[in-house]
Amino acid sequence: MVALPAFAQSVRPEILARQLDHPWGLAFIDEGRMLVTERPGRMRVVAQDGSMGKPLEGLPKIDAGGQGGLLDVVADSGFARNRTVYFCFSEPAASGGGNSTALASARLSDDARRLEQVKVLFSQKPKFESDAHFGCRIVESRDGKLFLTLGDRFQRMQDAQKLDNHHGKVIRINKDGSVPKDNPFVGRRGALPEIWSYGHRNSQGAALGPDGSVWTNEHGAQGGDEVNRPEAGKNYGWPVISHGVHYGGAKIGDGEAEKPGMEQPVHHWTPSIAPSGMAFLRSDRYGKEWQGNLFVGALKFRYLDRIVLKDGKVVQEEKLLEDLKQRIRDVREGPDGLLYVLTDASDGQLIRLQPAR
Ligand SMILES: [Ca+2]
């Protein structure tokens, strides 16, 4: 474990583990251990002392490449009892080409070396030949439903406004893969029943808010990255409205940022920071001011964003970890109330943030 010099900022990063190959998601399974995914298609148990287990056996086939691979992982709220985990990944088509994001459940074996009883709960439709925009963050809500973010696959952005496919959506399912009867589009002809909200671009961050609702962030094109709090059945506007423009400067839709019937983000960033994993901090380990703050990893500008919210609006932002100069892929709160981040690199790191006094 390496202690870096304290920054003027209020955290002291400690590198717990190195040599993770593009780590993407982390999930604590007990006080001292977590599961960490690596994008090329590995998942390992990593302990707080930095010791790293061998890659777990039992993963399904993964179509790794570009932005795709093994992406998010979360532990079931009842993990201590059932050893169940959920993970999402780019799933190859059974035949022919193409891929899409899939969500699976599994049981972590008692010796923590294998994933058992692997079951794909959901596969994004349709499969499509692309290595971009998989979305792929998982959140378990307080009532035990699974939310999954799904990217627009880039070339298929127009699909985000249509309900007959899963591109550019947030979906909600039960833990056995079935569709909750109270999903907003259940029974609507031509609509896929898993859909919770639509009009999203590429959402690589999601977290359960202190208000009990699911929050997401998403990449804009050139500018217009967003934080949203997706509500049932609502349209978040992509690719019709945006606070950014297409790469190269062409306008998005009619060039408007607002339209009736389309939701505005809680917050947006121009220029794009390329937001990834995010977490709300519940503990007071960093002082009262940080409690309830939202933390978002920035890939492009290489920092961890601390966001202060008041009445559901962003009132302040602070850039943390800028001196690391690392792309921040994920951030989670540990059972000890401290923040843990993953950096996006071939020599990716797991870092714990200690409060600096
Ligand atoms: Ca939007």
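This briefing covers the calcium site, the empty spaces, the nonpolar cores and one buried proline of the structure above. The model is predicted. Its calcium ion takes protein donors from Glu226 and Tyr236. Its largest pocket holds about 990 Å³ of space. A search of the whole structure also finds two cavities of 30 Å³ or more.

**Calcium site**

- Glu226 gives two OE donors to the calcium ion, and Tyr236 gives its O atom.
- These donors lie 2.3 to 2.4 Å from the ion.
- The pair links distant parts of the chain, ten residues apart: Glu226 sits in strand β16, and Tyr236 in the loop between β16 and β17.
- Both Glu226 and Tyr236 are buried.

**Cavities**

- The largest cavity has about 40 Å³ of space.
- Its lining includes the calcium donors Glu226 and Tyr236, along with Arg201, Glu218, His219, Gly220, Gly224, Trp238, Ile241 and Ser242.
- By class, that lining has three nonpolar, four polar and three charged residues.
- The second largest cavity has a volume of about 30 Å³.
- Glu226 and Tyr236 line the second largest cavity too, with Ile241, Ser242, His243, Ala257, Glu263, Gln264 and Pro265.
- Four nonpolar, three polar and two charged residues make up the lining of the second largest cavity.

**Largest pocket**

- The largest pocket is lined by 37 residues.
- Closest to its centre are Val74, Ala75, Arg282, Arg332 and Glu333.
- Seven elements are named as supplying at least two lining residues each: β3 (23-28), β6 (70-75), α1 (79-82), β10 (138-140), β14 (202-208), β18 (275-280) and β22 (328-333).
- Strand β18 gives the largest share, four residues.
- The lining divides into 19 nonpolar, seven polar and eleven charged residues.

**Second largest pocket**

- About 250 Å³ of space lies in the second largest pocket.
- It has 21 lining residues, and Gln67, His133, His219, Tyr247 and Ala274 lie nearest its centre.
- The lining has five nonpolar, ten polar and six charged residues.
- His219 is in this lining and also in that of the largest cavity.

**Nonpolar cores**

- In soluble globular proteins, nonpolar side chains tend to be buried together.
- The largest nonpolar core here has 29 residues.
- Leu304, Leu321 and Leu350 have the most contacts inside this core.
- The elements giving two or more residues to this core are β2 (11-20), β3, β4 (33-38), β22, β23 (339-343) and β24 (348-355).
- Strand β2 provides the largest share, five residues.
- Another core lies apart from it, with 19 residues, including Leu70, Val73, Phe87 and Ala102.
- Strands β3 and β22 give residues to the largest core, and they also supply lining to the largest pocket.

**Pro230**

- Pro230 lies in the loop between β16 (225-228) and β17 (267-269).
- Pro230 counts as buried because its relative accessibility is 7%, under the 20% cut-off.
- Beyond its neighbours within four places in sequence, Pro230 is in contact with Val170, Trp196, Ser197, His200, Val214, Trp215, Thr216 and Tyr236.
- One of these contacts, Tyr236, is also a calcium donor.
- Leu20 is 210 residues from Pro230 along the chain, and the C-alpha atoms of the two are separated by 32 Å.

How values were computed
Residues are numbered from 1 along each chain as its sequence is written. This is a predicted model: local features need pLDDT of at least 70, side-chain atom pairs count only at pLDDT 80 or more; totals for chains, interfaces and linings use all residues. Side-chain values use heavy atoms; hydrogens and water are left out. Buried means under 20% relative accessible area, exposed over 50%, partly exposed in between (1.4 Å probe, protein chains only). Contact means heavy atoms within 4.5 Å. Donors are N, O and S atoms within 2.8 Å of the metal (3.2 Å for Na, K and Ca); water is not among the atoms, so sites may look incomplete. On a 1 Å grid over the protein atoms alone, a cavity is a set of points where a 1.4 Å probe fits but cannot get out, and a pocket is an open set with protein on both sides within 12 Å along at least five of seven lines; lining residues have an atom within 4 Å of a point. Grid points are joined across faces, edges and corners, and a volume is the space filled by probe spheres set on the points. Ala, Val, Leu, Ile, Met, Phe, Trp, Tyr, Cys and Pro count as nonpolar, Asp, Glu, Lys and Arg as charged, and the others, Gly among them, as polar. A nonpolar core is a set of buried Ala, Val, Leu, Ile, Met, Phe, Trp, Tyr and Cys residues joined through side-chain atoms within 4.5 Å.
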